[in-house]
Amino acid sequence: MPQVPGGPFLFLRKFLQHGTRVASVRESSRALAGEVCRFVTPDQPQVILELGAGTGAVTAAAQSKLHPDSRLIAVELDSDFAAILAQRCPRAEVVCGDVAELDKRLPDLGIDRFDLVLSGLPTPSLPKAVNRAVFETIERVAADACFSQLTLMPWYFWKLYRGLYEQVDFNLVLASLPPGGVYHGRRLRADWRDHVPGK
Ligand SMILES: C[S@@+](CC[C@H](N)C(=O)[O-])C[C@H]1O[C@@H](n2cnc3c(N)ncnc32)[C@H](O)[C@@H]1O
């Protein structure tokens, strides 16, 4: 039986405490994490941003494919998750904090551009202000980066991501329980502000 980082009930406990902010009772499966990391490549250095990294399911998948000169910045709000993430994924630079505050942390990291954004955030259920801040940062430092967003509700949020990106491809991951998938968005739309999701 594979070990569950943080024990079998940590995710469930956090879900019961924080509901829509955690939005899942377990970390992502290997198959789903692998699809989120479809565009991580060992062939060239990349600067990669991961949003809502949790206990590191996606981070670990990304880490296993990184070019030696790539950087992987993993942002997670929950300090218990972030501690597990840092231990599990030594190649990641873990930022424990709110994605809405990320812009302020970038100068210290010496980063002004990302090549790829991986997101495990429950974007549809987050406050609108958080999503606006996230996409303002993306517009500034990752407008041309591919945005790979996981979901446990295949196709359901297609229109939502189509409001943010000019091109959106959806890849279904059946080998995951429950089945999920990944939206890969390209080219942030000029009018994305008119389509910011959230409560
Ligand atoms: C659905 S879980 C995904 C976790 C992980 N990426 C995975 O695939 O297993 C969503 C994660 O987003 C984090 N999160 C939610 N809101 C956040 C915020 N404002 N800033 C940073 N992380 C946030 C939650 O704490 C949680 O770990």
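This passage walks through the overall build of the protein chain and then the place where the ligand sits, all in a predicted model.

Starting with the overall build, the protein chain contains seven helices and seven strands. Read from the N terminus, these elements come in the order α-α-β-α-β-α-β-α-β-α-β-α-β-β. So the chain opens with two helices and ends with two strands, as that order shows. In terms of extent, the C-alpha trace spans about 45 × 35 × 30 Å along its principal axes. What about the radius of gyration? For the protein chain it comes to 15 Å, which agrees with a compact globule, because a globule of 199 residues would have a value near 16 Å.

Now for the ligand. The space it takes up is the largest pocket. A shell of 22 residues lies around the ligand, and the ones that come nearest are Ser28, Gly52, Glu76, Asp98 and Val99. Sorted by class, that shell is made up of twelve nonpolar, six polar and four charged residues.

Three of the nearest residues also turn up when polar atoms are paired with the ligand. In the side chain of Glu76, an N or O atom is 2.7 Å from an oxygen atom of the ligand. The side chain of Asp98 has an N or O atom 2.9 Å from a ligand nitrogen atom. With Val99 it is the backbone that takes part: one of its N or O atoms lies 3.0 Å from a nitrogen atom of the ligand. As for how covered the ligand is, it exposes 590 Å² when taken alone, and the protein buries 97% of that.

Methods. Residues are numbered from 1 along each chain as its sequence is written. This is a predicted model: local features need pLDDT of at least 70, side-chain atom pairs count only at pLDDT 80 or more; totals for chains, interfaces and linings use all residues. Side-chain values use heavy atoms; hydrogens and water are left out. A residue is near a molecule or strand if one of its heavy atoms lies within 4 Å of it. A polar contact is a pair of N or O atoms within 3.5 Å; within protein, one must be able to donate a hydrogen and the other to accept it, and residues adjacent in sequence count only if both atoms are side-chain atoms. Accessible areas come from the Shrake-Rupley method with a 1.4 Å probe; for residues, only the protein chains shown count as cover. On a 1 Å grid over the protein atoms alone, a cavity is a set of points where a 1.4 Å probe fits but cannot get out, and a pocket is an open set with protein on both sides within 12 Å along at least five of seven lines; lining residues have an atom within 4 Å of a point. A molecule sits in a cavity or pocket if more than half of its atoms lie within 2 Å of its grid points. Ala, Val, Leu, Ile, Met, Phe, Trp, Tyr, Cys and Pro count as nonpolar, Asp, Glu, Lys and Arg as charged, and the others, Gly among them, as polar. Helices (H or I, at least four residues) and strands (E, at least two) are DSSP runs, numbered from the N terminus. The radius of gyration is taken over C-alpha atoms; the globule rule is 2.2 Å times the number of residues to the power 0.38.
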